[in-house]
Amino acid sequence: MRKIIFGLLWVGFAIYAFVFAPPNQPDTFELIKNLSTGQWQGINPLIVSLFNLMGVFPLIYSCMVFIDGRGQKIPAWLFATFSFGVGAFALLPYLTLRSANPNFVGKKNAFLKFLDSRITGIVLSIGAIILVSYGLQGGNWSDFFQQWQTNRFIHVMSLDFCLLCLLFPALLGDDMAKRGMKNSVLFWLVTLVPLFGPLLYLSVRKPLADNTQEQVITQQQTAIN
């Protein structure tokens, strides 16, 4: 049932984005180029903030997906990498195809240690705070809503951001289980607070332990007993 829900959500979001969302505007490519190159003069700070937060969110998910991918039959790195360009469009197929994976087997390489580090979560949190503050302090909400109603890029990017906020709990339970973190209060805090809930989790979660297959089996038997 979980896979069906994510699959339908993926198809529905794709159909809406390309069929029912507002039309593309002639200056969309120029806007994306200026946002990407830091030429932000004349651009609503809310849009600048949102665009850059859409770069932070794939990093947040990478801290989960690359670890979750250890033990999956599908190449998690592929979906995580494409999420930097298309956000939830890449992560929804992964959530559709993945299997429950509450255990971590093997040793962390340097890359996984970086993604698993609390310091990484703290740095991402600081970056997100700066971006949100920038957008809220100088942003023009009436202009943003007007562009949201008329510009497909702004419209879909906003919905993509909301989806990324909502989808995080799909990976949270298994990640907490890998670390032996049985804390329902933390789970719901992370789930109910958009953006900063996941960032808080990355900043406080227990380090992932290296496990052999035999250790995982022993842990499972202990939990059953």
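Buried means under 20% relative accessible area, exposed means over 50%, and partly exposed lies in between, with a 1.4 Å probe and protein chains only. The structure is a predicted model, in which local features need pLDDT of at least 70 and side-chain atom pairs count only at pLDDT 80 or more, whereas totals for chains, interfaces and linings use all residues. Residues are numbered from 1 along each chain as its sequence is written, and side-chain values use heavy atoms, with hydrogens and water left out.

**Exercise 1. Determine the edge-to-face geometry of W141 and F144, and state how each residue is covered.**

Step 1. Rings of Phe, Tyr and Trp (its six-membered ring) pair if their centres lie within 6.5 Å, and planes under 30 degrees apart count as stacked, over 60 as edge-to-face and the rest as tilted. A search of the whole structure under this rule finds 13 aromatic pairs.

Step 2. The ring centres of W141 and F144 are 6.0 Å apart and their planes stand at 80°, so this pair is edge-to-face.

Step 3. Both residues belong to helix α8 (residues 141-150), where a spacing of three residues separates them by about one helical turn; helices (H or I, at least four residues) and strands (E, at least two) are DSSP runs, numbered from the N terminus.

Step 4. W141 has a relative accessible area of 42% and is therefore partly exposed, while F144, with 10%, is buried.

Step 5. F187 and W188 also form an edge-to-face pair, with 5.5 Å from centre to centre and 85° between the planes, and F187 is partly exposed at 22%. One aromatic cluster is formed by F57, Y61, F161 and F168.

**Exercise 2. Decide how many disulfides the model contains.**

Step 1. A disulfide is here a pair of cysteine sulfur atoms within 2.5 Å, and the count by this rule is zero.

Step 2. For C162, the nearest cysteine sulfur belongs to C165 and is 6.3 Å away, and C162 is in no disulfide. C165 is likewise in no disulfide, its nearest cysteine sulfur being that of C162 at 6.3 Å.

Step 3. The relative accessibility of C162 is 41%, which makes this cysteine partly exposed, whereas C165 is buried at 11%.

**Exercise 3. Describe the fold of the chain and identify the residues with the most contacts inside its largest nonpolar core.**

Step 1. The chain has 13 helices and zero strands, and 46% of its 225 residues count as buried.

Step 2. For 225 residues, a compact globule would have a radius of gyration near 17 Å, and the 19 Å of the chain agrees with this; the radius is taken over C-alpha atoms, and the globule rule is 2.2 Å times the number of residues to the power 0.38. The C-alpha trace spans about 60 × 35 × 30 Å along its principal axes.

Step 3. A nonpolar core is a set of buried Ala, Val, Leu, Ile, Met, Phe, Trp, Tyr and Cys residues joined through side-chain atoms within 4.5 Å. The largest such core has 61 residues, and I60, Y61 and Y201 have the most contacts inside it. Helix α3 (residues 45-68) gives the most to this core, with 16 residues.

Step 4. Contact means heavy atoms within 4.5 Å. Leaving aside neighbours within four places in sequence, I60 is in contact with L124, F168, L195, P198, L199 and L202.
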